[in-house]
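Please open the structure in your viewer and keep the selection panel at hand. The tour proceeds from one selection to the next.

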Amino acid sequence: MRIARFSIDGNVAFGAVEGDGAPGDDSTLVLDIIKGIPFADFELSGTKVPMSKVRLLPPVLPNKVVAIGRNYAEHAAELGNAIFDDQGRPDAPITFFKPSTSVVGPGDPITYPSFSQDLHHEAELAVVIGRMCREVPKERVKDVILGYTCANDVTARDVQQREKQWARAKGFDSACPLGPWIETDLDPSDLTIQCTVNGEQRQLGRTSDMVRSIEDLIVHISEAMTLLPGDVILTGTPAGVGPLNVGDEVAVTIEGIGTLTNKVIKRG
């Protein structure tokens, strides 16, 4: 099931997406409004609205976004970072937060931060947590996942490189586009991830190239903190990250999910 969050006539609701197509293709897609929220038992209302009549919102409003750095070897190499020890074992995952205020949805603008001159795209598979959990064993990870969506870990690269903490570089307003919806029925182990800027391909990778699996990441994160329904985990980006400029349209496409598109605008 594809679950979208949207607004219509000033009201916010969740709906099951029906039909084939992408956001903006209003000829085929409709939303069957959900009774309740997708983090508990729910029913479809049978009340359907065309996608063209609604505004898609971020598919969740997470309490926290937990992000993983350097989870694709080629991406780590392109930025000059080592991720394996002398015996070829992966180092502990780099974990950081993006605040809830950084989250925007499909079609929302990415605002170029005034304190940066080198903004980059990072296409990522995002995991949406479906239930409160802590210290999740590897064999139970699938039980705590609601589904998957597309993400762009937008990064002020120059700020990241000169500041020891990544809070400003990766946590500014609009630095975490999510969407267009959550796909609940998906095997995430070997999916194509692609990023284009103004229609030109920049990134192309597969989730099978992750250094650490989704199961390992959730075990690692939940050892330290409680994950809540709607929390999001960003799983890292493949090689090919690069600059974004004001006016650019950046699109993240993940096999089996869809496409998340945002335009970069000038702040203020």
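The stops below are a residue, a sheet and a pocket.

This is a predicted model, in which local features need pLDDT of at least 70 and side-chain atom pairs count only at pLDDT 80 or more, while totals for chains, interfaces and linings use all residues. Residues are numbered from 1 along each chain as its sequence is written, and side-chain values use heavy atoms, with hydrogens and water left out.

Select Val-104 to begin. Val-104 belongs to strand β8, residues 103-104 (strands are DSSP E runs of at least two residues, helices H or I runs of at least four, numbered from the N terminus). Val-104 counts as buried because its relative accessibility is 13% (buried: under 20% relative accessible area, 1.4 Å probe, protein chains only). Next, add Pro-177: the C-alpha atoms of Val-104 and Pro-177 lie 4.7 Å apart, although 73 residues separate them in sequence. Beyond neighbours within four places in sequence, the contacts of Val-104 include Pro-58, Ser-174 and Asn-262 (contact: heavy atoms within 4.5 Å).

Move now to β10, residues 119-121, which two bridges join to β13 in antiparallel fashion (pairing requires at least two DSSP bridges). Here His-120 stands opposite Thr-155 of β13. Display β18 as well: the three strands form an open antiparallel sheet in the order β13-β10-β18. Its edge strands are β13 (155-156) and β18 (242-244), each pairing on one side only.

Finally, select β12 (145-152) and α4 (214-222); each supplies at least two residues to the lining of the second largest pocket.

Note on methods:
Buried < 20%, exposed > 50% of the residue type's maximum accessible area, 1.4 Å probe, protein only.
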